[in-house]
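Subject: Structure handover

Hello,

Here is the structure I promised to pass on. Please open it first, then read my notes alongside.

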Amino acid sequence: AMESCPRKEVDNFQEKLVEENFYLMTESGEQGRLPVLLLKLNDTAPERKPVVVILHSSYKCKEWLRPLLEAYASRGYIAVAIDSRYHGERASSKTTYIEALNSAWRNGDTMPFIFDTV
């Protein structure tokens, strides 16, 4: 999957790459704090840029998508990834996601599914 969008050759790419990490509040509670990773090329031109938002698969996190984000950034996109519910920074342990799945199935008290994030 990471090779589906090869990075364009850009002189001094790592020096031109801008990384922003921030949070959005999407709802109340601990899962409402949404970690965001944004990559783009440092470009002083005030023109609008296209944005691509990429969501990881189960048991992964936004950082896992970094090669793909860099590939899109090298082509002039603003590339964004988030951590899905109970993944990455939104997980308190390696078993958080499976525990949330079990709890949702048994009690209907949470929404751990990636579909809910989309």
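Gly-76 sits just after H2 and takes a positive phi of about 95 degrees. Keep in mind that this is a predicted model. The average pLDDT of the protein chain is 88, and 91% of the residues score at least 70. Among the elements, S4 has the highest mean pLDDT, at 97. Helix H4 (residues 114-117) has the lowest, at 62.

The sheet

Start with the strands. There are 4 of them in an open sheet, in the order S1-S2-S4-S3, and the pairing is mixed. Strand S1 (17-25) and strand S3 (51-55) stand at the edges. Each has a single partner strand, so one side of each lacks a neighbour in the sheet. From one strand to the next, the twist averages 25 degrees.

Now take the pairs in turn. S1 and S2 are antiparallel and share 9 bridges. One example is Glu-19, whose bridge partner in S2 is Leu-39. Strand S2 (residues 33-41) also runs antiparallel to strand S4 (residues 78-82), with 4 bridges joining them. There, Leu-38 has Val-80 in S4 as its bridge partner. S3 and S4 pair in the parallel sense, over 5 bridges. In that pairing, Leu-55 stands opposite Ile-82 in S4.

Which side chains of S3 are buried? Val-52 and Ile-54 are; they point to one face. Val-51, Val-53 and Leu-55 point to the other face and are not buried. This follows a general pattern: in a regular strand, side chains alternate between the two faces of the sheet.

Ile-82 belongs to strand S4. Its relative accessible area is 14%, so Ile-82 counts as buried. The C-alpha atoms of Ile-82 and Glu-30 are separated by 15 Å, and these two residues are 52 apart along the chain.

The helix on the sheet

Helix H2 (residues 66-74) packs on the sheet. H2 touches S1, S2, S3 and S4. The direction of H2 makes about 45 degrees with that of S2.

Which residues of H2 are buried? They are Leu-68, Leu-69, Glu-70, Ala-71, Ala-73 and Ser-74. The buried residues of H2 pack against S1, S2, S3 and S4, and also against helix H1 (13-16).

A buried lysine

Have a look at Lys-62. This residue lies in the loop between S3 and H2. Is Lys-62 buried or exposed? Lys-62 is buried, because its relative accessible area is 1%. The side chains of Lys-62 and Glu-63 are joined by a polar contact of 2.8 Å.

Lys-62 also has contacts farther along the chain, once neighbours within four places in sequence are left aside. Among them are Pro-35, Val-36 and Leu-37. His-56 and Leu-69 are also in contact with Lys-62. Ala-81, Ile-82, Asp-83 and Glu-89 are further contacts of Lys-62. Of these, Leu-69 is one of the buried residues of H2, and Ile-82 is the S4 residue described above.

The aromatic pairs

How many aromatic pairs does a search of the whole structure find? It finds 2. Such a pair is described by the distance of the ring centres and the angle of the planes.

One pair is Tyr-59 with Tyr-97. The arrangement is edge-to-face, with 5.1 Å centre to centre and 80 degrees between the planes. Tyr-59 lies in the loop between S3 and H2, and Tyr-97 lies in helix H3 (residues 96-107), so the pair ties together parts that are 38 residues apart in sequence. Tyr-59 is exposed, with a relative accessible area of 54%. Tyr-97 is buried, at 7% relative accessibility.

The other pair is Tyr-72 with Tyr-77, and this one is edge-to-face as well. The centres are 5.4 Å apart, with 90 degrees between the planes. Tyr-72 is partly exposed, at 22% relative accessibility. Tyr-77 is partly exposed too, with a relative accessible area of 31%.

Best wishes

Conventions:
Residues numbered from 1 in each chain as written. Heavy atoms only, no water. Pairing = 2+ DSSP bridges. Helix = DSSP H or I, 4+ residues; strand = E, 2+ residues; numbered from the N terminus. Axes fitted to C-alpha atoms, helices over the stretch in contact; angles between N-to-C directions. Contact = heavy atoms within 4.5 Å. Buried < 20%, exposed > 50% of the residue type's maximum accessible area, 1.4 Å probe, protein only. Polar contact = N/O pair within 3.5 Å; in protein donor to acceptor, adjacent residues only side chain to side chain. pLDDT = per-residue confidence, 0-100. Phe/Tyr/Trp six-rings, centres within 6.5 Å; stacked < 30°, edge-to-face > 60°.
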